[in-house]
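Reader: Could you take me through one part of this predicted model in detail? I would like a close look at the sheet and at what surrounds it.

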Amino acid sequence: MSAPKYLAIVKKIEALIRSGQFTEGSQLPTHRELAQQLGTTPITVAKAYKTLAERKLIESFVGRGSFVCNHSQLSDVIRAESSETEKNLSILQPCLSQHSERLNQAFSQILNRGNEALYGYVEHTGLARHRLMGAMWARHYGLEVTDHHDVVLASGAQHALSALIQCYTQPGDTIAVEALTYPGILSMANMLGRKVVAIAMDADGMLPQALDDLCQSSDIAMVMIVPSHQNPTAATMPAERRQQIAAVINRHRIWLVEDDIYGFLNPQPIAAITNFAPQYSFHITSLSKAISPGMRCAFIKTPATESERLAAFIRATIWLPSPVPFAAAAILIHSGEAFRIAKEQRQIALRRQQLAREQLAEFTLYSQPDSYHLWLELPAYWQADAFTLAAKNRGILVSSASYFKADPQAVTPNAIRLSLMAIENEAALVSTLKQLAELLKRDTRFDYVHC
Ligand SMILES: Cc1ncc(COP(=O)(O)O)c(C=O)c1O
């Protein structure tokens, strides 16, 4: 029996995309056009396009058509490089030029000191001094940590997240996450064969009752939460909500991963959820957002019983995170410079939030006054993916709500995330926001002539 016709179409188009003949962003023929060309029905072509969309090779927009998309979900949202022509409102990183000289000094201090031990194999748990500095950093922003032996080093928060998923869950297990969440969690869980279940949120983050209900009705192996300046909604959990979440964790005795990478942006420290459920909670901090993503320095505070198990996992996978950047981090934390840099970045974020609110005054925006990013509700005539594509065609990178959906079947919120920090130059940021506002105001629904 021959393969269904729609699969032959899928195979052909996939080959054209992979060979580069259909380039990223190019428009595919309509269902009717392709059906005519191939002597088949529009329904068969629609079925083929649906399969291609499920494989994330194309994106289809009602009324606009189908377009070739990027292969990697993550690379679409998080773009490290920004060419001259691209105005990057998609990557969440600090304004590095502000303190790159101080980073240079910290690194040259290590080299000048001739600290050869750092070039060899050091303790796989990380050097005691570096773990102490990690405890100091996290404590400053609301974590209760008394024993540095409970702190394990990781090469960035993404490494911490993946190590925790692999060490504390099994393939096939279910991880509960915020309904809209950091795509790095989604892609990691997906790659490792873990299921993800979306928990409803409100303006204060994950809803404790929704989490409780789910834990009662199904087997949840782990809960992952970003409690401060949540990525992408910028929601920050108030203290009371944190205690309610911790009560659910304690009641059901499930692992919690609290990814507090943006905690340094809170005007006052807020007690970590981990403080109220220390037996079950892993708390992650990282220097990526406050100081430098390139340093790859993250700290995981584990339950007292778990640091050895996690350290053994890290040893088995990467042996140890490089001690060199941690030595620079320790210099910065010990001298207080790290906290000053973090405070400066918060001041920049505060100012940029004000600038963005001036430029985008007509639109509905969600954020804290000092978040790195904004969650922007699009006017009803724009759809999130279509807007993202239209912005990209004008050289502006934004992140569509669809990238953050934990439940792929859920309706995509009509929103985008804008990072205000990746464009270093303030005037360039304002001009990019102006262009974005113009595009947002344009109702392009009727730009197309329908034949
Ligand atoms: C919530 C969250 N966790 C983790 C990361 C990754 O951080 P790192 O660069 O430390 O791996 C990001 C980066 O955007 C993030 O937003």
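Author: In this predicted model, seven strands make up an open sheet with mixed pairing, and their order is S4-S12-S11-S10-S9-S5-S6. Its edges are formed by strand S4 (151-154) and strand S6 (195-199), each of which pairs on one side only, and from one strand to the next the twist averages 25°. At the S4 edge, the partner is strand S12 (residues 298-301), with which S4 pairs in the antiparallel sense over four bridges; within this pair, Val151 stands opposite Lys301 in S12. Helix H7 (residues 157-168) packs on the sheet, where it touches S4, strand S5 (174-178), strand S9 (222-225), strand S10 (255-259), strand S11 (281-286) and S12, and the direction of H7 makes about 160° with that of S11.

Turning to what precedes S4, the loop between helix H6 (128-140) and S4 holds His148. His148 counts as buried because its relative accessible area is 18%, under the 20% cut-off. If its neighbours within four places in sequence are left aside, His148 is in contact with Ala128, Arg131 and Leu132.

H6 also packs with helix H13 (residues 337-359), at an angle of about 35° and with the axes 11 Å apart, and the crossing in which H6 passes H13 is right-handed. Met136, Trp137 and His140 of H6 make this contact with Ala338, Phe339 and Ala342 of H13; sorted by class, the contact has five nonpolar residues, one polar residue and no charged residues.

Key. Residues numbered from 1 in each chain as written. Predicted model: local features only at pLDDT ≥ 70, side-chain atom pairs only at ≥ 80, totals over all residues. Heavy atoms only, no water. Pairing = 2+ DSSP bridges. Helix = DSSP H or I, 4+ residues; strand = E, 2+ residues; numbered from the N terminus. Axes fitted to C-alpha atoms, helices over the stretch in contact; angles between N-to-C directions. Contact = heavy atoms within 4.5 Å. Buried < 20%, exposed > 50% of the residue type's maximum accessible area, 1.4 Å probe, protein only. Left-handed = near helix turned anticlockwise from the far one by under 90°. Nonpolar A, V, L, I, M, F, W, Y, C, P; charged D, E, K, R; others polar.
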